Amino acid sequence: MNRKPLIAGNWKMNTTTGEAVSLVTQMLPELERIKDVEVAIFPPFVSLAPVYDLLAYSSVSLGAQNMHYEEKGAYTGEISALMLKSLCKYVIIGHSERRQLFGENNEIINKKLKKALQAGITPILCLGETLEHRQAGLAEETISYQLKSSLGDIPGIEYTVIAYEPIWAIGSGINAGADEVCQIMDVIRKTIAELYGKAAANSIRLLYGGSVNNINAGEYLSRESIDGALVGGASLKADQFIGIVRQACQTGI
Ligand code: PEP
């Protein structure tokens with residue numbers, strides 16, 4: 001199955017609009033030269049429009065870090081899929097920081113996934129276990145539960161991307177071992193096959209996220225079952241991010 005590698009850069013709550021424009025301007029010429037890898041960047045909401053203009057006619061995709069599941073109304077401070085759809089190809093749903101700091105549960109995530117898919121925005125659904133669950137031998141069970149309950153009654157998941165991001169590896173500098181990640185990728189693909197059939201399981205792209213940098217990226221990107229990376233901290237450093245994208249190209253995943 002030919003799954004195009006995807007390297008996604010989640011900038012989180014970093015960069016002013018000016019800094020976002022300057023980071024994209026710095027990276028774009030080099031990113032444009034790298035073929036056969038899809039690159040997507042996820043700046044803060046306020047930078048989406050200016051970055052969209054910079055990326056026009058480029059091969060780099062744009063995404064949002066979050067969205068609300070309602071289309072419009074009295075939800076002060078929120079942004080809907082309707083507002084994002086003219087700017088974004090992707091939206092990150094269920095990032096562990098949203099789950100831990102903003103009380104997002106699988107039910108809310110399910111509503112967001114539905115709205116994103118209805119709007120034609122590809123969700124990147126994030127899943128990940130805590131250190132306690134990993135140490136108790138519950139990582140596979142946790143991921144399978146999160147996946148099944150987030151997808152709920154969604155009839156099809158064509159084009160959806162799933163990011164496996166163990167919570168203990170995010171922003172900690174402690175990246176998960178590639179063998180550990182592959183085991184979880186197998187669980188995810190098996191669960192998708194149960195829910196949506198083998199074709200869906202073979203075509204869905206699975207990313208690893210958690211302290212990926214330009215030194216360790218190749219360990220993941222060389223594995224058959226890992227189709228790319230969701231990168232936080234290292235996506236804010238032009239040379240690091242470009243280095244990761246180059247490795248996705250070299251390993252030819
Ligand atoms: C993330 O925020 O999704 C992430 C993986 O962060 P970091 O690469 O900094 O661990």
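A polar side-chain atom of Asn10 sits 3.5 Å from an oxygen atom of the ligand, a good place to begin a tour of this predicted model. Local features here need pLDDT of at least 70, side-chain atom pairs count only at pLDDT 80 or more, and totals for chains, interfaces and linings use all residues. Residues are numbered from 1 along each chain as its sequence is written, and side-chain values use heavy atoms, with hydrogens and water left out.

**The ligand**
- Backbone polar atoms also approach ligand oxygens: one of Gly171 at 2.6 Å, and one of Gly233 at 2.8 Å.
- Of the 290 Å² that the ligand exposes when taken alone, the protein buries 95% (Shrake-Rupley areas, 1.4 Å probe).

**Lys12**
- Lys12 belongs to the loop between β1 (6-10) and α1 (17-33); helices are DSSP runs of H or I with at least four residues, strands are E runs of at least two, and both are numbered from the N terminus.
- Setting aside neighbours within four places in sequence, Lys12 has contacts (heavy atoms within 4.5 Å) that include Phe42, His95, Glu97 and Gly232.
- Met67, 55 residues away along the chain, has its C-alpha atom 13 Å from that of Lys12.

**Helix α5**
- The 14 residues of α5 (residues 106-119) should span 20 Å at 1.5 Å a residue (1.5 Å times one less than the number of residues), and the end C-alpha atoms agree, being 20 Å apart.
- At the N-terminal end, Asn105 acts as a cap, with a side-chain oxygen 3.1 Å from the backbone nitrogen of Glu107.
- After α5 comes Gly120, with a positive phi near 80°.

Terms used. A polar contact is a pair of N or O atoms within 3.5 Å; within protein, one must be able to donate a hydrogen and the other to accept it, and residues adjacent in sequence count only if both atoms are side-chain atoms.
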